[in-house]
Amino acid sequence: MSNLGVVVNPETTIKTLIELMDQQNIGAILIADETEKDTIIGIVTRSDLRNVNDNCLTADGLMSTQLYCVNIDDSIPEAAKIMLNNQVKHVLVKDNDKVVGILSATDLLRWIANQSSTDQDVLFFV
């Protein structure tokens, strides 16, 4: 899990979003409510940036408002199931209803890669 990382307001330009993702080497930026800064109202991912058109100039016009979340004490497999079932690469991590981080598919792969194995590793594809 990463901390909240970059959080911007809905009026942030697409150009700024791209620059922030490149500078911070991140794949998603969270969008906060302008009046309640602790309230996350959307997410913009690198995949979303592929859908930019002339009518979409700010985060508000591009962000996904369907946010998928896990609790901080949920297991890695639970988070992976949410990602797979909803075909998303990022889930928000909450602690007592407050967003405290973001978990990416890359974070999951990093976790898998760092696991030490005592038995033979076998991948089963169902």
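Visitor: Which residue in strand 6 is the bridge partner of Leu92?

Guide: In strand 6, Leu92 is matched with Ile102 as its bridge partner. This is a predicted model, where local features need pLDDT of at least 70 and side-chain atom pairs 80 or more, while totals for chains, interfaces and linings use all residues. Residues are numbered from 1 along each chain, and side-chain values use heavy atoms, without hydrogens and water.

Visitor: What makes strand 5 and strand 6 a pair?

Guide: Strand 5 (residues 90-95) and strand 6 share 6 bridges in the antiparallel sense, and because pairing asks for at least two DSSP bridges, they qualify. Both belong to an open sheet of 3 strands in the order 4-5-6, with mixed pairing, in which strand 4 (69-71) and strand 6 (98-104) are the edge strands, each pairing on one side only.

Visitor: Why is the contact between Asp22 and Arg46 called a salt bridge?

Guide: The closest N and O atoms of Asp22 and Arg46 are 3.2 Å apart, and because the definition asks for a Lys or Arg side-chain nitrogen within 4 Å of an Asp or Glu carboxyl oxygen, the pair counts. Asp22 lies in helix 1 and Arg46 in helix 2 (residues 46-49), so the salt bridge ties together parts 24 residues apart in sequence.

Visitor: How do you know whether Asp107 and Arg110, which form another salt bridge, are buried or exposed?

Guide: Buried means under 20% relative accessible area, exposed over 50%, and partly exposed in between (1.4 Å probe, protein chains only). Asp107, at 12%, is therefore buried, whereas Arg110, at 46%, is partly exposed. Both lie in helix 5 (residues 105-114), 3 residues apart, a helix being a DSSP run of H or I with at least four residues and a strand one of E with at least two.
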